[in-house]
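Please find below my notes on the model you sent, set out as numbered points to be read alongside the structure.

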Amino acid sequence: MDSTRYRPEKKLVTVLFADIVDSTKLIEHLEPDEAATQLNGILASMRAGISRFGGAVNKLQGDGLMAIFGAPIPQEDHAIQACCAAIAIRDSIMQAGQVQVRIGMHTGEAVVQEVSNDLSSQYEAMGIAVHIAARAEQVARPSEIIITDTTLHSARELLEAEALGPRLLKGLSQSINLYSLLAIRPFAASQQFLGGQRISNFVARADSLSELHAHLDRSLSGASKIVGISGDPGVGKSRLGFEFATDCRREGVSVIEARATAHGQTTSLQPIVDLLKSFIGNIRTTSPEGTGLELLTDRLSQFGLAAEAKHLAEFLGISKRDVRGEPTLEIATVALVRRVCRAIGREQSMVILFEDLHWLDAAGDSFLLALIEAFSESRVLLLLSFRPGYIRDWMKSSNYSQITLQPLPREAINDIARELIGADPSTAELRTQIAERSAGNPFFAEEITRALLDRKALTGARGNYSTTEPNAANMLPNTVRGLISFRIDRLDDQQKRFVEAASVVGREFSAEVATEISGIDRSDAQTQIDALLALEMIYSAPQGGLEQLAFKHPLVQEVAYASLVSERRKLLHRRAAKALSSHFSKELNEHAALIARHWEEGGDPIQAASLYMTSATWMGTRDPVQAVRTWKHVRDLTSNLPAEGPSAFMRMMACGQIINLSWRENAAPELLEPIYEEATRLAGQLKDARAGALVTMAYGRALLASGSADDYLSGVKKAQEMLSETPNSSVAALLLAVESHSTGQAGFLKSALQLNSRALERVSDVEVADQRMIGFDVKHWLVALRSRYLMQTGDHAGAEYLIDELLRDTAKLDLTHRAVALGVRVDAAALNRDASRAFEAAGELESIARQNSSPYVSVLTNYFRGIALLVAGENEKAHERLSKALEQAHRDRTGLELEPLMLANLSDSFGNDQATEAIEIANRAQALARRRSQRVAELFALSTKIRILNRAALAVEPALTEEFDRLISVTGAERLRLRTLPTS
């Protein structure tokens with residue numbers, strides 16, 4: 001370790017402590033070498049998380065570690081990076097499932113330096129900040145991340161955290177506000193080098209630039225490559241991409257740029273959406289209603305893909321969604337993006353520059369993989385940048401090449417300093433200091449020089465400065481944040497007001513919006529903007545012909561924001577909410593969460609909750625997991641408000657939608673029950689029968705996946721009682737349909753049929769608005785249910801007639817209910833031992849899956865193909881398909897209401913010599929069905945068990961037969977008697 005490089009410095013850093021919970025219990029029975037192996041593996045995972053986000057592990061403590069962010073590796077956003085690292089560590093350890101960790105963090109000043117002992121030397125941080133971080137970790141619960149208020153404020157708008165209140169930590173005289181870190185909030189992307197601001201010469205990267213041009217030549221000839229650019233933050237990845245893109249445009253090659261952000265996991269699909277809009281054509285969400293879809297359709301028709309336009313338009317947010325059947329899920333959209341990009345990429349040449357991939361989450365990664373696969377045989381050069389530690393399987397492809405950028409050599413930094421300052425002898429010491437402090441990072445070299453200019457330590461013109469303060473660089477703050485803070489303090493009053501107003505908006509901002517927030521006269525605003533552009537505090541980043549500005553560095557925005565007192569901060573946030581509402585009036589859905597945050601920070605929870613609701617509704621079909629988080633936030637926001645009027649309505653809606661989307665997060669019934677009770681209580685208080693019915697239906701769906709059909713049925717009865725107080729014919733008809741469904745799921749088929757008949761008679765009473773809210777055609781749903789009830793009770797002809805009627809209505813029948821009807825046909829064919837009929841219907845199901853590709857339809861396809869294979873006696877293939885269906889149902893949390901039936905059919909796929917294993921699985925199916933009150937499924941499992949015993953020539957106990965007859969009597973499912981007969 002070079003002691004001159006790590007001399008003592010006072011820096012603002014974020015310190016992280018992580019500790020393995022109950023490590024002693026983990027290793028108490030292990031030999032020392034075994035214990036070391038066990039702990040080292042876990043610590044290695046922790047260190048990987050630290051390294052991924054640019055931190056430095058400076059101390060290992062047996063069962064834990066200490067890490068520093070912000071030093072010795074310079075980081076512009078060390079607090080948020082540390083939070084990202086903490087989440088990564090926690091999640092990786094939880095996924096491993098072996099142990100749990102607790103993590104604590106604090107941001108504050110510390111003295112950092114090299115410390116030596118008898119055995120080694122290490123980089124150390126000392127000061128109260130280290131002790132606070134250590135104490136924060138000690139109060140964390142297993143798998144919890146505790147941060148202090150200074151860490152929260154350092155990353156202000158970027159974190160979701162739960163306030164834990166003030167805590168008096170051991171050894172401290174004053175309490176500290178602690179928070180439990182939950183997630184990272186969205187953050188807007190930007191491009192650094194647009195707008196014509198002065199930038200230093202492009203040095204020491206000529207070889208890398210030439211390599212990119214060589215890849216471009218091959219791509220233009222049809223031999224496309226995927227090229228990665230890897231390097232540390234600030235080392236020049238974006239600059240290399242910018243120079244290459246400039247060359248391409250100069251040569252007439254189209255370039256599309258996109259960027260993921262360091263703090264954008266929750267909106268990771270936005271750069272994908274923006275990229276696709278540019279790639280497909282000049283499609284914008286601000287186009288007049290219908291125009292965007294027409295443009296997209298015209299564009300895709302050139303490639304024979306016009307039929308894909310509606311689905312893609314819904315994903316891109318350029319068309320209103322008419323929801324039918326199951327919500328559009330990510331797997332279907334990923335496949336669609338792959339098809340569209342492959343078709344277009346084969347016909348046109350261009351470069352796609354996608355920066356900062358290390359901030360993409362799993363959803364973004366799925367779409368990125370689709371792009372990589374689509375462009376693997378095209379005329380498109382896909383150029384991807386990321387930080388070291390970002391590793392994906394697609395990098396192993398022979399079609400992938402990587403350029404790794406190292407810090408610039410000392411001579412290159414000297415050249416930058418000489419180009420910026422000049423070669424006057426008076427500046428020689430300054431240039432040396434700049435080179436030393438920047439440590440090969442060109443961005444920091446430029447920032448130090450700008451700070452010298454701001455404090456007038458340099459006189460003259462760019463490239464020809466002189467100084468009377470040869471040691472000025474040593475007098476500057478030691479961190480980039482310190483440099484920027486110093487620059488902000490030297491602004492005049494009007495300029496500072498503008499910067500403060502812009503800081504409330506974020507890294508990028510509209511000049512018009514910032515002016516309105518600041519309260520500066522429009523006639524004076526441009527003067528202040530010009531001055532800030534000249535100072536390179538901000539730069540111009542025009543988008544779509546609109547005047548857009550951006551802070552040169554994110555910490556400019558952060559430092560300016562942190563300087564605001566509470567009341568002024570709230571005032572500016574309220575102004576920002578109003579200004580942004582006007583600015584994005586034509587794109588309100590996409591930007592509703594941003595506007596809501598400003599209302600929340602401005603102290604207006606009603607306005608905030610209303611806009612968060614808008615965002616969650618829009619997000620529901622694009623990212624259901626994020627939608628649930630937003631609805632939960634709405635519920636939290638309204639929890640402290642009077643339970644009346646608008647706040648009660650919003651809380652009721654939030655509860656309902658949390659339940660409605662809960663299947664994506666595998667919410668347990670005991671967690672949903674209090675939310676359901678609260679929703680129905682509020683619905684009753686507000687006399688909103690429609691909401692009560694829809695919440696009940698959503699809750700029933702959740703119960704079918706993991707709870708009880710009897711509870712579902714009871715809930716419907718409660719909703720009907722509530723409706724009797726405020727009659728509503730539409731809701732009454734809808735509830736009757738739901739009652740038919742819940743009664744059938746509980747296994748009372750004759751009653752379900754009677755209710756189904758009554759519901760069909762009244763289905764025309766269901767209003768269009770109610771049908772849209774539940775997401776499908778109620779009549780089609782009822783007919784599909786009726787066909788199954790008829791099939792199970794023995795009316796095979798009646799069931800087939802209804803299936804034929806449904807399938808003929810191709811213009812109106814959605815793909816999901818088409819798949820359900822075909823599933824009934826497969827079941828009917830199975831009971832009749834008609835393999836040909838079963839295969840025919842299963843084949844049609846697979847055709848639907850190719851069009852739809854939703855996880856639910858995919859589960860149905862594998863399940864019913866497995867049944868068809870069973871009927872044909874192809875048991876091994878049937879076993880494989882049924883196992884696949886079960887695995888996918890659990891993975892994607894969909895179709896789990898069929899789980900007992902899947903298990904029963906799976907048990908039927910075992911050979912005669914595996915009767916013991918088959919009976920064991922049939923018992924599991926029966927127990928699960930009984931626990932869920934799914935009596936027909938229980939009967940089905942029991943009939944399978946009897947058939948297995950008969951097939952293996954084993955005795956069937958009288959108790960089994962008696963229970964079978966009892967369930968036949970209860971359910972009315974006479975047709976299932978056929979299942980007790982052995983198939984071979």
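How many helices and strands does the secondary structure of the chain come to?

1. The model is a predicted one, and the secondary structure of its chain comes to 42 helices and 18 strands. Of the 984 residues in the chain, 57% count as buried, while the chain exposes about 40400 Å², of which carbon and sulfur atoms supply 49%.

2. On contacts along the chain, if one takes those between residues at least 6 apart in sequence, 69% join residues that are at least 24 apart.

3. One helix pair deserves a look in the viewer: the axes of α18 (residues 493–505) and α19 (residues 511–518) come within 8 Å and cross at roughly 115 degrees. Angles of 65 to 115 degrees count as roughly perpendicular, and α18 and α19 are therefore described as roughly perpendicular to each other; α18 passes α19 in a right-handed crossing.

4. As to the residues that make this contact, α18 contributes R497, F498, A501, A502 and V505, which meet A511, V513, A514, T515, I517 and S518 of α19. The residues of this contact divide into eight nonpolar, two polar and one charged.

5. Elsewhere, R762 is found in helix α31, which spans residues 749–762. Is R762 buried or partly exposed? Its relative accessibility is 31%, and R762 therefore counts as partly exposed. Leaving aside residues up to four places away in sequence, R762 touches S729, A732, A733 and L736. R762 and K779 are 17 residues apart in sequence, with a C-alpha to C-alpha separation of 9.6 Å in space.

Definitions and conventions: Residues numbered from 1 in each chain as written. Predicted model: local features only at pLDDT ≥ 70, side-chain atom pairs only at ≥ 80, totals over all residues. Heavy atoms only, no water. Helix = DSSP H or I, 4+ residues; strand = E, 2+ residues; numbered from the N terminus. Buried < 20%, exposed > 50% of the residue type's maximum accessible area, 1.4 Å probe, protein only. Contact = heavy atoms within 4.5 Å. Areas by Shrake-Rupley, 256 points an atom, 1.4 Å probe, with all protein chains shown as cover. Axes fitted to C-alpha atoms, helices over the stretch in contact; angles between N-to-C directions. Parallel < 35°, antiparallel > 145°, perpendicular 65-115°, else oblique. Left-handed = near helix turned anticlockwise from the far one by under 90°. Nonpolar A, V, L, I, M, F, W, Y, C, P; charged D, E, K, R; others polar.
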